[in-house]
Amino acid sequence: MKKVLLSGGGTGGHIYPALSIAKAFRGRFPEAEIGYIGTKNGLESRIVPKAGGITFFDVEIQGFKRKLSLDNLKTVSKFIGAVRDCKEIIRRFEPDAVVGTGGYVSGPSLYAAARLGVPTLILEPDVLPGLTTRFLSRYVNVVAISLSGSEQYLSKAKRVLHTGNPRGTEVVRADGQAGRKSLGLEGSDKPIILFVGGSRGAKPLNDAVFQLLPRLAEAQRWHFVYVTGEVHYEEVIAKLNKEQYPNLTVKPFIYNMPDVLAATSLVVGRAGASTLAELTALGVPSILIPSPYVTNNHQEVNARWIEEQGAGRMILERDLTGDGLWSVISEMTEDDAGHEKMSQAARELGRPDAAEVIIDELVQLSRSKQ
């Protein structure tokens, strides 16, 4: 293969798997060219260029509103225009395959590729497929699913392949010692419990952590890492007397999250697709508090699936309290055998070879086209 064209945007859960595929593709085909279709103002326009060696193309597109809205007429018009633009990009770039990782920007790029007869694959990162994946499933050559259970929603797909999430391919190589060092804990062997609510944080989780701070001070055999989110950090630091909690590290954001996760014994956080890929690749048990503000409540579906597989526990945000959270933390950390069983269950769900499996599939698709 000489060229691959990627697309996906809106959230890190769509962008980072695409970059993981790009990295694996470059590893397999060092001289190959990689392109990326995104939006000019989307998160991908800031993240993808920093990855280096990827040609970025932008199109104008927006997502559908869930409620009846005149904006949806604009969305249809923009979709038609974006398909036209994507066809032009594909004709100029001449990719051997086009890959989408979700988000509405994948819609016109993969639809255009399918119409032009270019091999296509879309990755679905969540258990519950999004609107874009459901729409495209009848047009693309392959729907690659990250989590088992998605296939029941994809009856119109030509081919469904369980690959796992390619984000796990990168994360499995993470360095736990580097993670400890970045937290200033290289001389400590205390197990780490990580609280993280995403890049912007999650106020309900922050509130629950504040409620259980006295308990943290008593649990000296553990070291706690509390990632507040950048918008909440100053407020948290102002309220917190750090001298009272020598076993607590507070950060606004963690840029080397895979390394930190590799050093972590238990994660308390959201249930986004990238988070699940990271946790399962590394075999880290989790307490998942799904965000209720996402499309189709898909994080709750993700979290419930993890709990059903024995790899973690779920607490709904409306039920979250400091006492309740501490009860689950205590239950999971005081039972060493149970913790190890949960870790093993998480690891069995992970697919650290996901990116390579996807590249294998793209090679087969491109050969069948020749």
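A pocket, as used here, is an open set of grid points with protein on both sides within 12 Å along at least five of seven lines, and its lining residues have an atom within 4 Å of a point. With that in hand, take the second largest pocket of this predicted model. Its lining is made of 14 residues. T39, K40, N41, G42 and I61 are the ones nearest the centre. The space inside comes to about 230 Å³. The lining is mixed in character: 5 residues are nonpolar, 5 are polar and 4 are charged.

Now turn to the start of the chain. Strand β1 spans residues 3-7. This strand is mostly covered, with 5 of its 5 residues buried. In a regular strand, side chains alternate between the two faces of the sheet. Strand β1 can be read that way. K3, L5 and S7 point to one side. V4 and L6 point to the other. Both sets are buried, the lysine K3 included.

Which strands does β1 pair with? One partner is β2, residues 33-38, joined to β1 by 5 bridges. The two strands run parallel. Within this pairing, K3 sits opposite E33 of β2. To get from β1 to β2, the chain passes through helix α1, residues 12-28. This β-α-β crossover is right-handed. Another partner is β4, residues 97-100. Here 4 bridges make the link, and the strands again run parallel. L5 of β1 has V98 of β4 as its bridge partner.

Next come two residues with an unusual backbone angle. Most residues other than glycine have a negative phi. E94 is not a glycine, yet its phi is positive, at about 55°. E94 belongs to the loop between α3, residues 71-93, and β4. Is E94 buried or exposed? E94 counts as exposed because its relative accessibility is 57%, and the cut-off for exposed is over 50%.

N296 is the second case. Its phi is positive too, at about 60°, and N296 is not a glycine either. This residue lies in the loop between β12, residues 286-288, and α13, residues 298-308. With a relative accessible area of 39%, N296 is partly exposed. That value falls between the limits of 20% for buried and 50% for exposed.

A different asparagine, N206, is found in helix α8, residues 203-211. N206 has 5% relative accessibility, so it counts as buried. The limit for that class is under 20%. What does the side chain of N206 reach? The backbone oxygen of T228 is its contact, at 3.4 Å.

The last stop is the enclosed space. How many cavities of 30 Å³ or more does the structure hold? There are 3. The largest cavity contains about 80 Å³ of space. Its lining counts 13 residues. S146, L147, N165, A277 and T280 lie nearest the centre of this cavity. Helix α12, residues 273-282, gives the largest share of the lining, with 4 residues. By class, the lining of the largest cavity has 6 nonpolar residues, 6 polar residues and 1 charged residue.

Terms used. Residues numbered from 1 in each chain as written. Predicted model: local features only at pLDDT ≥ 70, side-chain atom pairs only at ≥ 80, totals over all residues. Heavy atoms only, no water. 1 Å grid on protein atoms, 1.4 Å probe; cavity = no way out; pocket = protein on both sides within 12 Å on 5 of 7 lines; lining within 4 Å. Points joined across faces, edges and corners; volume = space filled by probe spheres on them. Nonpolar A, V, L, I, M, F, W, Y, C, P; charged D, E, K, R; others polar. Buried < 20%, exposed > 50% of the residue type's maximum accessible area, 1.4 Å probe, protein only. Pairing = 2+ DSSP bridges. Right-handed = clockwise from strand over helix to strand, strands pointing away. Polar contact = N/O pair within 3.5 Å; in protein donor to acceptor, adjacent residues only side chain to side chain.
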